Amino acid sequence: MRVSKRFPLAVHSLLFVAVLSPKRRVTSTLVADSTESNPVTVRNIFLNLSENGLLVAAAGKNGGVRLAREPKDITLWDIYQAVETNDVEEIFKLHETDSDCPVGKNFYHILYPHMASAVNAMKTDMEQVTLETLADELKCLLKDMKPEDDTPCSGD
């Protein structure tokens, strides 16, 4: 499957905002430094996330971004759809086939249902993971859990 770097950058960006924005102003430059990417690329990701109701951006000197929804209400599928296509034919690029060939003329018809099933499975799995889950996992990795935080690290 073809997935560009936009999806991981979008997840990274939203996770960055979810974890750090209450404590500091989050900008495209700050996220670009964290992702080792270009601030323009990050701004484009921010734009897609904003257009899809996941992020609120304010321009200017005191600008920055914040989540448009609670982390528990943002799934990996929401993020994926904001920056990638969910069109089966775009995810799985098929080659041209010879319509006179018995394999070529039927290839798409026999393969497409299986490709659609794979995309549906990806969607189902990604809908189960929220930004809040990732933020909690990150906190556990950083060992930065506060005593009042009631989310235990796995394995504790």
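## The order of helices and strands

From one end of the sequence to the other, the chain runs α-α-α-β-β-α-α-α-α. That pattern comes from seven helices and two strands, in a model that is predicted. The chain has 156 residues, and 34% of them are buried.

Contacts between parts of the chain that lie apart in sequence are worth a look too. Taking the contacts between residues at least 6 apart in sequence, 59% of them link residues at least 24 apart.

## Helix H4 and what surrounds it

A good place to begin exploring is helix H4, which spans residues 76-83. Is H4 enclosed by the rest of the structure or open? Six of its eight residues are buried, so H4 is largely enclosed by the rest of the structure. If you want to find these buried residues in the model, look for Leu76, Trp77, Ile79, Tyr80, Ala82 and Val83.

Which helices help to cover them? The cover over the buried residues of H4 includes H1, H3, helix H5 (88-91), helix H6 (104-126) and helix H7 (131-142). Two of these partners, H3 and H1, are described next.

## Where H3 meets H4

Helix H3 covers residues 39-51, and its axis comes within 8 Å of the axis of H4, with a crossing angle of roughly 115°. That angle makes H3 roughly perpendicular to H4. The crossing of H3 past H4 is right-handed.

On the H3 side, the contact is formed by Ile45, Asn48 and Leu49, while H4 contributes Ile79, Ala82 and Val83. What kinds of residues are these? Five of the residues in this contact are nonpolar and one is polar, with no charged residue among them.

## Where H1 meets H4

Helix H1 (6-20) also meets H4. The axes of H1 and H4 come within 9 Å and cross at roughly 125°. These two helices are therefore oblique to each other, and their crossing is right-handed.

H1 brings Arg6, Phe7, Ala10, Val11 and Leu14 to this contact, and H4 brings Leu76, Ile79, Tyr80 and Val83. Sorted by type, the contact holds eight nonpolar residues and one charged residue, with no polar ones. Looking back at the two lists, Ile79 and Val83 of H4 take part in the contact with H3 and also in the contact with H1.

## Helix H2 and the residue after it

Helix H2 is made of residues 28-35, and its buried residues are Ser28, Leu30, Val31, Ala32 and Thr35. What do these buried residues pack against? Their partners are H1 and H3, and both of those helices also help to cover H4.

Just after H2 comes Glu36. The phi angle of Glu36 is positive, near 55°.

## Three salt bridges

Side chains of opposite charge can pair when their charged atoms come close. How many salt bridges does the structure hold? There are three.

One of them joins the side chains of Arg69 and Asp78, with a distance of 3.5 Å from N to O. Arg69 counts as partly exposed, at 31% relative accessibility. Another pairs Lys72 with Asp73, at 3.4 Å from N to O. Both residues of this pair are partly exposed: Asp73 has a relative accessibility of 36%, and Lys72 has 48%. Lys123 and Glu127 also meet through their side chains, at 3.9 Å from N to O. Here Lys123 is partly exposed at 32% relative accessibility, and Glu127 is partly exposed with a relative accessible area of 35%.

## A residue in the loop between H6 and H7

The last stop is Thr130, found in the loop between H6 and H7. Is Thr130 buried or exposed? Thr130 counts as buried, because its relative accessibility is 14% and the cut-off for buried is under 20%.

Setting aside neighbours within four places in sequence, Thr130 touches Pro71, Lys72, Ile74 and Thr75. One of these partners, Lys72, is also part of the salt bridge with Asp73.

Methods:
Residues numbered from 1 in each chain as written. Predicted model: local features only at pLDDT ≥ 70, side-chain atom pairs only at ≥ 80, totals over all residues. Heavy atoms only, no water. Axes fitted to C-alpha atoms, helices over the stretch in contact; angles between N-to-C directions. Helix = DSSP H or I, 4+ residues; strand = E, 2+ residues; numbered from the N terminus. Parallel < 35°, antiparallel > 145°, perpendicular 65-115°, else oblique. Left-handed = near helix turned anticlockwise from the far one by under 90°. Contact = heavy atoms within 4.5 Å. Nonpolar A, V, L, I, M, F, W, Y, C, P; charged D, E, K, R; others polar. Buried < 20%, exposed > 50% of the residue type's maximum accessible area, 1.4 Å probe, protein only. Salt bridge = Lys/Arg side-chain N within 4 Å of Asp/Glu carboxyl O.
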